[in-house]
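Here is a quick look at where the nonpolar side chains sit in this protein. Have the sequence and the coordinates open as you read.

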Amino acid sequence: MTAVSEAATSSAMRTREATVRRFAVTDMVFRAATRASAILVLVLLGGVAISLVAGSWEALSKFGFSFLTTESWNPVTENFGALAPIYGTIVTSAIAILIAVPIGIGIAVFLTELCPRPLRRPIGIAVELLAGIPSIIYGIWGLFVFAPFLQTTIQPFIISIFHGIPGLSSLFAGPPYGIGLLTSSLILAIMVLPFITSITKDVFDTVPAVLKESAYGIGCTTWEVTRRVVIPYTRVGIMGGVMLGLGRALGETMAVTFVIGNAHRISASLFAPGTTISATIANEFTEADGALYTSSLVALGLILFIITFIILALARYMLLRIDSRTGA
């Protein structure tokens, strides 16, 4: 009987040792795979940066810092400047985010706090379906439907309202082309809205019900619960959704190309045609027949890469400051 017990104990120990070794091997493989994935991301990011720098070196070495401060873009004389595309990219993306963020957060609050339960799913699906529409469809709709509507209705009305008011009269000066910076900004706002709304709604759903119930229990209104409980608890997720929308706005190509007017000039009026970095590259890369021309377009891509990196870094810094202030 003792020999049988010893054999059983020995067999159990061997089985346990084999299981522990298998777990150790699995953990080692998993650790190596995740480390390799992280390194692969860094390698790809570095490869993209090196390729952009190498491709744009000819333009940067010839024009230097003036490439960032020159508005002229003349392929005939090979005189290139990136100021107009940079201006258009930043202005259209900023306006789009300023419009989309409050609307997106408002829709998320409505879906999570106020919407009747039978309507939550249909409205949520409808919002998410907007994200699946191809950008070229937004561009076609913007060019043939939205821009004529703005040209005949909205823009003349805005011009008449702000006529003669210092500052605003130049910001909304005519003629009403229909296409331009404001039109592309509105199209971008519509495009990034579902991303911001969907992510904000998902992070709002992660708020523990006990926190909201406690706030309602002491007499807080829905506005107070949203402002003092839901948004502070989910600020990191909200910022992530905003950054995702901003990244989409900065890099959007086809929809903006259709409605921005593709003019390499800077105007104080939001109704004037302009261009962005992505639109310029999409419009002219196939026509670039010279090394300097191609290098200048690649340099635009490098600038867009740097702008995106700087914005994401600033967003991360803001989150760290908020967390440190909250912890204090």
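Start with Ile140, which sits in helix α5. Keep in mind that this is a predicted model. Is Ile140 buried, exposed or partly exposed? Its relative accessibility is 37%, so Ile140 counts as partly exposed; the band for that runs between 20% and 50%.

Ile140 has company out there: together with Ile136, Ile137, Trp141, Phe144, Val145 and Met254, Ile140 makes a nonpolar surface patch of about 620 Å². Helix α5, spanning residues 135-162, supplies the largest share of that patch, with 6 residues.

Now for the inside. The largest nonpolar core holds 47 residues, and the ones touching the most other members are Phe67, Trp73, Phe80, Phe204, Ile277, Leu300 and Ile303. Two or more residues each come from α1, α3, α7, α9, α10 and α13, and α13 gives the most, with 10 residues. Take Ile303: beyond its neighbours within four places in sequence, Ile303 is in contact with Phe67, Leu68, Ala82, Ile86 and Ile277. Another core, of 8 residues, lies apart from the big one and includes Val91, Ile95, Ile159 and Phe271.

Here are the sets side by side:

| Nonpolar set | Value | Some members |
|---|---|---|
| Surface patch | about 620 Å² | Ile136, Trp141, Met254 |
| Largest core | 47 residues | Phe67, Trp73, Leu300 |
| Another core | 8 residues | Val91, Ile95, Phe271 |

Finally, α10: its 17 residues reach 24 Å from first C-alpha to last, close to the 24 Å expected at 1.5 Å a residue. Its buried residues are Ile238, Met239, Gly241, Val242, Met243, Gly245, Leu246, Ala249 and Leu250.

How values were computed
Residues are numbered from 1 along each chain as its sequence is written. This is a predicted model: local features need pLDDT of at least 70, side-chain atom pairs count only at pLDDT 80 or more; totals for chains, interfaces and linings use all residues. Side-chain values use heavy atoms; hydrogens and water are left out. Patches are made of residues with over 30% relative accessible area and no salt bridge: like charges are joined within 9 Å, nonpolar side chains (Val, Leu, Ile, Met, Phe, Trp, Tyr) within 5 Å. Accessible areas come from the Shrake-Rupley method with a 1.4 Å probe; for residues, only the protein chains shown count as cover. A salt bridge is a side-chain nitrogen of Lys or Arg within 4 Å of a carboxyl oxygen of Asp or Glu. Helices (H or I, at least four residues) and strands (E, at least two) are DSSP runs, numbered from the N terminus. Buried means under 20% relative accessible area, exposed over 50%, partly exposed in between (1.4 Å probe, protein chains only). A nonpolar core is a set of buried Ala, Val, Leu, Ile, Met, Phe, Trp, Tyr and Cys residues joined through side-chain atoms within 4.5 Å. Contact means heavy atoms within 4.5 Å. The expected span of a helix is 1.5 Å times one less than its number of residues.
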